[in-house]
Amino acid sequence: METEFGRIETVRSTPWPTRLAAGSAVFIVALGLTVLAGWFSHTLALVQILPQLPPMTRNAAACFLLCGLALLCVALKGPRWPVVVCAGIVGTVSVLTIVEDVFGVDAGIDGLLGPSYITLRPSSPGRLAPVTAICFALASLGLLLAPKTLSKRSALLVGLNGSIIAAAGIATSMAFALGTSDAFGWGDVTRTAPHTTVGLWVLGFGMLATAWHVETETADTPRWLPLSVAIVVATSTVGVWQALVADGYQPFALLPAIVLGGGCLMAPALGLTVYMTQQAHAQAAALRLSEARKAAILDSALDCIVTIDHQGCITEFNLAAERTFGYRRDEVMGKELAGVVIPPSLQDEHRRGLARYLATGEGRVFGKRLEMTAARDDGSEFPVELAITRIPLKGAPSFTGYLRDITERKQSEKELRRSEAFLAEAQRLSATGSFSWRVATDEIMWSEQLYRIFEFDQAVPVTLELVRTRTHPEDILSMYDMIDRARRTGSDFEYEHRLHMPDRSVKYLHMVAHGTRDQDGRVEYIGAVQDVTERRLSEEALGKVRSELAHVARVSSLGAMSASIAHEVNQPLSGIITNASTCLRMLAADPPNVDGARETARRTIRDGNRASDVVTRLRALFSKKNATTEWVDLNEAASEVIALSRSELQRNRVILRSELADDLPPVTGDRVQLQQVILNLLLNALDAMSGVDDRPRQLVIRTERDEGDRARLTVQDAGVGLDPQNVERLFEAFYTTKSGGMGIGLSVSRSIIENHHGRLWAAPNEGPGATFSFSIPYRPEGATSVHSLGAIRASDVATEQLQVMRNQ
Amino acid sequence: MVIASLVSVVGSLVSVVDDDESVRESLPDLLRELGFEVEAFSSGEEFLASECVGETKCLILDIAMPGMSGPDLQRELTHRGLEIPIVFITANRDETVRPSLLKQGAVECLFKPFSDTALLDAVNAALRVK
């Protein structure tokens with residue numbers, strides 16, 4: 001910031017010192033040229049001004065010319081070499097002249113530029129006056145040592161040299177004004193010409209201006225100014241005193257004594273005064289800079305910044321505050337804060353708090369983040385975030401408040417809370433929890449409801465291990481299987497499993513999870529878990545009732561059918577027996593009633609035929625040909641059955657693997673009947689595994705080509721297995737190994753497969769469980785009729801099972 | 001006395017009510033061979049409309065018939081104050097039906113097919129009731 005403002009200052013400042021320096025340089029160049037021209041053209045007025053006055057020597061004129069050029073180069077930041085050349089010559093000439101004066105020798109430089117044909121004093125005509133020589137020596141030193149860009153130190157040198165030269169010039173000029181040419185002159189050495197004195201103070205001021213220009217970059221006036229002033233005063237005093245003495249005064253007569261004493265007092269006094277003034281200016285400038293900085297900070301701050309004094313009146317009100325509250329700064333400055341930005345309901349509290357702090361020094365609000373209500377100029381109120389500090393200054397305290405309008409934040413916080421509450425309530429009502437699971441790191445996040453479902457404290461971090469402790473022992477294997485699959489594939493999954501709660505109760509959970517991948521391909525699952533315990537329990541109860549009902553219906557319909565068959569058969573049987581009895585009695589009579597016996601025998605035959613008709617009718621009833629023949633894709637048929645059985649499989653915690661051959665040709669047959677067989681095998685497998693808890697309930701459904709243009713479907717379970725001795729009995733009607741079974745499923749299935757010209761068989765596995773397979777030809781030879789009592793009854797039974805499962 | 005009672009037995013009218021024609025053909029013949037007078041009817045309504053209602057000493061009645069069933073006819077007769085001994089016959093071998101029928105006043109319940117001796121015993125038992 002500092003350099004920022006410094007640069008702005010530089011750009012704004014008028015480059016008058018540069019112009020002054022350049023002007024001075026041009027002036028003395030012109031002076032030198034003019035006098036030289038006077039010498040060469042013998043125009044005495046240019047050299048001497050007045051006949052009784054000392055002339056400016058050729059060397060002095062040349063030195064002015066060279067010093068002017070050098071100064072011009074320095075002031076305008078021109079090339080370095082002319083400075084060195086010019087100042088070098090000037091330095092050489094002036095130093096040699098001083099040597100001549102001091103040691104009384106002639107270095108042969110006095111007449112270098114031609115003879116001095118004007119002689120006012122007897123000694124060394126054409127030689128530089130001593131004060132002029134010293135001034136030029138100082139000037140050349142300053143110019144030679146000044147680098148192209150002046151540093152503070154070189155500026156000091158140039159400035160002080162300039163001061164001395166200017167002072168000497170002024171003193172000699174003043175001496176002329178006082179009527180003597182003897183300022184800084186002694187003995188019979190050359191006196192300084194009046195226009196030389198003018199040239200000297202112009203040269204001095206030119207150098208001062210050059211040095212000034214550098215110094216103003218950090219302050220209004222050069223640091224060396226007090227010293228320079230003191231030197232100027234002291235030099236001038238000495239010059240004037242010396243001129244007075246030369247003019248005939250006793251050295252310590254009244255006037256010279258006053259001049260010398262006053263000058264010696266004035267020099268440090270004036271220097272000190274200038275120094276003090278400089279300090280005051282510097283402080284004022286620093287204060288202005290600091291004020292400017294503060295204003296810039298205040299106005300660019302995003303927060304409202306409001307400062308009040310101990311009376312509660314506003315002393316600072318920044319741009320952000322103007323924007324937020326709607327007041328203009330000048331409207332509210334000096335007004336009481338309470339009446340401006342504090343809502344009426346809080347004004348008294350604010351006044352009391354301020355009074356309490358002023359009385360007791362007890363401040364409750366400092367250094368804290370507060371939330372309050374503020375009022376705009378239109379009276380509308382809004383929430384703000386606020387921090388108050390006391391400005392650490394002596395005297396009456398003042399306070400600064402930093403405020404921020406948090407309406408939007410409050411609004412979004414409120415909306416967020418609302419939406420969270422909404423979600424939480426929805427989760428609670430639907431007994432559904434949600435979770436996320438980063439597969440790579442196993443970071444798991446649970447919603448509140450999920451914690452409630454699992455009955456864990458919300459402080460407990462969720463891990464798979466924690467989930468495992470609640471999982472029902474029988475479901476742990478399939479849970480790990482599910483986790484493995486999720487890790488491997490990252491694909492969506494849907495899953496049901498049970499929890500074993502500490503109070504030994506069981507919960508049923510239904511989980512749906514969607515796998516997503518981040519930019520780095522890491523899998524994260526987002527999922528929902530619903531507690532379906534009540535639904536599952538009522539489904540189970542319903543299922544039980546349904547199957548009991550189905551059983552009852554089946555048994556009673558069988559009973560009704562057998563009663564009906566018995567009735568139909570008993571009627572003619574009754575006739576046969578009655579007629580036969582009558583016939584015997586008629587033959588046994590004496591005489592035998594042969595005609596009657598013949599009649600009753602005829603009726604016996606008739607009733608026998610009638611009984612036979614009944615049986616034929618029954619057969620016809622059961623062998624209705626309603627099986628259809630079509631192309632059946634066994635893979636498709638199996639997939640449909642698997643899809644229908646999905647929930648049944650999950651309910652039984654069975655892990656199903658289907659290995660369906662890609663190149664399986666379609667078979668010919670009744671799709672529904674074949675699906676009934678597949679379903680029957682699948683349900684049998686489920687039943688066989690229902691008691692298995694020590695190993696995964698693995699079920700494999702496989703389709704493949706079989707030899708002899710046949711397709712084979714295999715259902716392999718990990719259940720209780722088969723007794724090899726009873727394998728064939730399995731397929732007999734009414735043979736069952738199941739407590740609740742009717743024992744007709746497999747016999748019916750076999751008759752269906754045989755009607756498809758296929759084969760159904762069973763074999764024990766090498767490991768646990770059994771494998772049931774059927775194999776049917778792609779094209780049954782000449783077989784279009786599918787007839788069997790079993791097939792039709794079985795189809796009814798299986799259709800009923802399918803129906804039951806669809807309804808679930 | 002013995003002869004009189006015998007005659008009364010021999011001359012007793014037995015009515016058969018059954019919707020099955022073969023029963024209506026065969027059963028009267030057998031009963032006649034056994035010495036009874038027999039009338040056969042295809043329904044309860046036909047029997048009630050006939051003149052035999054008052055004469056009948058034993059009623060052999062099928063249970064399941066279209067229209068009026070056997071037990072319906074039994075109730076109707078009771079309603080009219082006619083106490084005719086009834087022997088039920090049925091092709092449905094439902095053992096649970098028998099006790100309830102006997103309880104309601106039937107002399108016997110025979111399941112088809114039945115033997116001639118079982119029939120004779122039942123009819124004699126019915127006639128003895130009178």
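# Exercises on a predicted two-chain model

In this predicted model, buried residues account for 40% of the 130 residues of chain B. The exercises below begin with that chain, go on to its contact with chain A, and end with chain A itself.

## Exercise 1. The elements of chain B

Task: State how many helices and strands chain B has, and in what order they run from the N terminus.

Solution. Counting the elements of chain B gives 7 helices and 5 strands. Reading from the N terminus on, their order is α-β-α-β-α-α-β-α-β-α-β-α. As for how far apart in sequence the contacting residues of chain B lie, 57% of the contacts between residues at least 6 apart join residues at least 24 apart.

## Exercise 2. The sheet of chain B

Task: Work out the strand order of the sheet in chain B, and explain which strands stand at its edges.

Solution. Begin with the order, which is E2-E1-E3-E4-E5 in an open sheet of 5 strands of chain B, with parallel pairing. Strand E2 (37–41) and strand E5 (108–111) of chain B each have a single partner strand, so one side of each is left without a neighbour in the sheet, and these two stand at the edges. From one strand to the next, the twist averages 20°.

Next, take the pairing of one edge strand in detail: E4(B) and E5(B) run parallel and are joined by 4 bridges. Within this pairing, B:Phe88 has B:Cys109 in E5(B) as its bridge partner.

Finally, add the helices that pack on the sheet. H2(B) touches E1, E2 and E3 of chain B, and its direction makes about 170° with that of E2(B). Helix H7 (residues 116–129) of chain B touches E1, E3, E4 and E5 of chain B, and its direction makes about 165° with that of E5(B). In the loop between E5 and H7 of chain B lies B:Pro113, and the peptide bond that leads to this proline from B:Lys112 is cis, with omega near -5°.

## Exercise 3. The buried face of a helix

Task: Identify the buried residues of helix H5 (residues 70–79) of chain B, and decide whether they line one face or are scattered around the helix.

Solution. The residues of H5(B) that are buried are B:Gly70, B:Leu73, B:Gln74 and B:Leu77. When H5(B) is viewed down its axis, these buried residues fall within an arc of 105°, and they therefore line one face of the helix. Their packing partners in chain B are strand E1 (13–17), helix H3 (44–49), strand E3 (56–62) and strand E4 (86–90). Just after H5(B) comes B:Gly81, with a positive phi of about 80°.

## Exercise 4. The contact between the chains

Task: Describe which residues of chain B touch chain A, by element and by class.

Solution. The contact is made by 16 residues of chain B and 19 residues of chain A. On the chain B side, helix H2 (residues 21–33) gives the largest share, with 8 residues. Sorted by class, this side of the contact has 5 nonpolar, 4 polar and 7 charged residues.

## Exercise 5. A helix pair in chain A

Task: Determine how helix H9 (residues 225–246) and helix H10 (residues 254–300) of chain A are oriented towards each other.

Solution. The axes of these two helices come within 7 Å and cross at roughly 170°. Angles over 145 degrees count as roughly antiparallel, and H9(A) and H10(A) are therefore roughly antiparallel to each other. The contact of H9(A) with H10(A) has 23 nonpolar and 5 polar residues, but no charged ones.

## Exercise 6. Backbone details in chain A

Task: Explain whether A:His42 and A:Glu455 count as exposed, partly exposed or buried.

Solution. A:His42 lies in the loop between helix H2 (16–41) and helix H3 (44–48) of chain A. Although A:His42 is not a glycine, its phi is positive, near 60°. A:His42 counts as exposed because it has 10 C-beta neighbours inside 10 Å.

A:Glu455, placed in the loop between helix H16 (448–454) and helix H17 (464–470) of chain A, is a residue other than glycine with a positive phi near 60°. A:Glu455 counts as partly exposed because it has 13 C-beta neighbours inside 10 Å.

Technical notes:
Residues numbered from 1 in each chain as written. Chains lettered and ligands numbered in written order. Predicted model: local features only at pLDDT ≥ 70, side-chain atom pairs only at ≥ 80, totals over all residues. Axes fitted to C-alpha atoms, helices over the stretch in contact; angles between N-to-C directions. Parallel < 35°, antiparallel > 145°, perpendicular 65-115°, else oblique. Nonpolar A, V, L, I, M, F, W, Y, C, P; charged D, E, K, R; others polar. Contact = placed C-beta atoms within 7 Å. Buried ≥ 20, exposed ≤ 12 C-beta atoms within 10 Å, placed from the backbone. Arc of directions from axis to C-beta. Pairing = 2+ DSSP bridges.
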